[in-house]
Amino acid sequence: MIKAKARAVDGPDQSFRVTEINRRNLDLHDVLIEIKYAGICHSDIHTAHGDWGEVNYPLVPGHEIAGIVTDIGPEVTKYKIGDRVGVGCMVDSCGTCKNCLKGEEQYCLNGNVLTYAGVDKYGELTQGGYSTHIVVTEGFVVKIPDNIELDAAAPLLCAGITTYSPLRHWGAAPGKKVAVVGLGGLGHMAVKLAHAMGSEITVLSQTLKKKEDGLKLGANHYYATSDPETFKKLAGTFDLIVNTVSAKIDISAYLSLLELDGTLVNVGAPAEPLPVNVFALSGQRRSFAASQIGGIRETQEMLDFCAEHRIVPEIEIISANQIDEAWERVLASDVRYRFVIDISTM
């Protein structure tokens, strides 16, 4: 077994502790990655707190991973020692179902293997990127372009692909009006990506306190949803709304902002149900959808797109000793806009 230093939690209300975890010895197609940076995602917090279901503790979160290949299995062909690589929210899938064969492993019909809080094909619980090393089959590793720094690359492996995928799928492009609900870790990436795709972008946030940021990031307009006039003024405006908020909101009110055949896509994942008034949909043949991450092929496409357009997230680097504080700040929306752990401090 390969030993890795890590930070783990032992329960939903526990602080992080220093620990050591085992990584499997390299199989034929495995890649050993020395992790340099790991982003902090709101999903890490939801999972550790048990918001989405029962959790097996101890838990090492982290699915925004950037690092360097330090060893490879004997039949690896995609990567070599020294390559700059990333790992996102999943580390394996069945590879044989129709969705996997289409390159949509995130929707594997037999269940993909999550980077943490999952069970791999060896029957072992998976542990994530708040650690010094990880072993992943080469098919679930992506190459980080040379012009993207590793610290900035880390959040692209979740926040980047989670917003890129629905923007591409629902056709963000010149001539399209796109609204982004929330300007946080996901929302700020949605704005940057939609801007690069040529869409007219509006940010819908509770207040105007981040308006200056939103406009600098590429938004054309910025409105406060706490103002009832916003929903009157923007009724029937948008082709696409991307909701990045991981909290319960009035979906029917936001649906009213869509024009004929418009779509509201949920990428935030609140623990509570989101009820919808059917008349908010039927009146203008609107759609309410949801999206997860992208497949491996699309994730590589996203990274290459970001490299071409010089898109990187806004990050704040922290040490491993600051993870608990960073989680508290995420819950308080006190981050602009993604925390990234320097794993050398592990």
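1. Start with Arg329 and Asp334: in this predicted model, their side chains meet in a salt bridge, with 3.1 Å from N to O. Asp334 has a relative accessibility of 40%, so this residue counts as partly exposed. If the idea is new to you, side chains of opposite charge can pair when their charged atoms come close.

2. How many salt bridges does a search of the whole structure find? The search turns up 14. One of them joins the side chains of Asp10 and Arg17, at 2.6 Å from N to O. Asp10 is partly exposed, with a relative accessible area of 37%, and Arg17 is partly exposed too, at 31%.

3. Have a look at Lys36 and Glu34 as well. Their side chains meet in a salt bridge of 3.2 Å, again N to O. Lys36 comes out at 30% relative accessible area, which makes it partly exposed. Glu34 is at 29% and falls under partly exposed as well.

4. Which residues are linked with Arg24 in a network of salt bridges? They are Asp30 and Asp120, so try picking out this trio on the structure as a group.

5. Now for the rings. A pair of aromatic rings is described by the distance of the centres and the angle of the planes. Searching the whole structure gives 4 aromatic pairs. Among them is the pair of Phe16 and Tyr130, which is tilted: the centres are 5.7 Å apart and the planes make an angle of 40°. Phe16 sits in the loop between strand E1 (2-8) and strand E2 (17-23), while Tyr130 is in the loop between strand E7 (113-114) and strand E8 (133-137), so the pair ties together parts that are 114 residues apart in sequence.

6. Phe16 also pairs with Trp327, and here the arrangement is edge-to-face, with 4.9 Å centre to centre and 90° between the planes. Why does this pair tie together parts that are 311 residues apart in sequence? Because Phe16 lies in the loop between E1 and E2, whereas Trp327 belongs to helix H11 (residues 323-331).

7. Are Phe16 and Tyr130 buried or exposed? Both are buried. For Phe16 the relative accessible area is 11%, and buried means under 20%, so the label follows. Trp327 is buried as well, with a relative accessible area of 7%.

8. To put the ring story together: Phe16, Tyr130 and Trp327 form one aromatic cluster. Phe16 is the residue to find when you trace this cluster, since it pairs with Tyr130 and with Trp327.

Terms used. Residues are numbered from 1 along each chain as its sequence is written. This is a predicted model: local features need pLDDT of at least 70, side-chain atom pairs count only at pLDDT 80 or more; totals for chains, interfaces and linings use all residues. Side-chain values use heavy atoms; hydrogens and water are left out. Rings of Phe, Tyr and Trp (its six-membered ring) pair if their centres lie within 6.5 Å; planes under 30 degrees apart count as stacked, over 60 as edge-to-face and the rest as tilted. Helices (H or I, at least four residues) and strands (E, at least two) are DSSP runs, numbered from the N terminus. Buried means under 20% relative accessible area, exposed over 50%, partly exposed in between (1.4 Å probe, protein chains only). A salt bridge is a side-chain nitrogen of Lys or Arg within 4 Å of a carboxyl oxygen of Asp or Glu.
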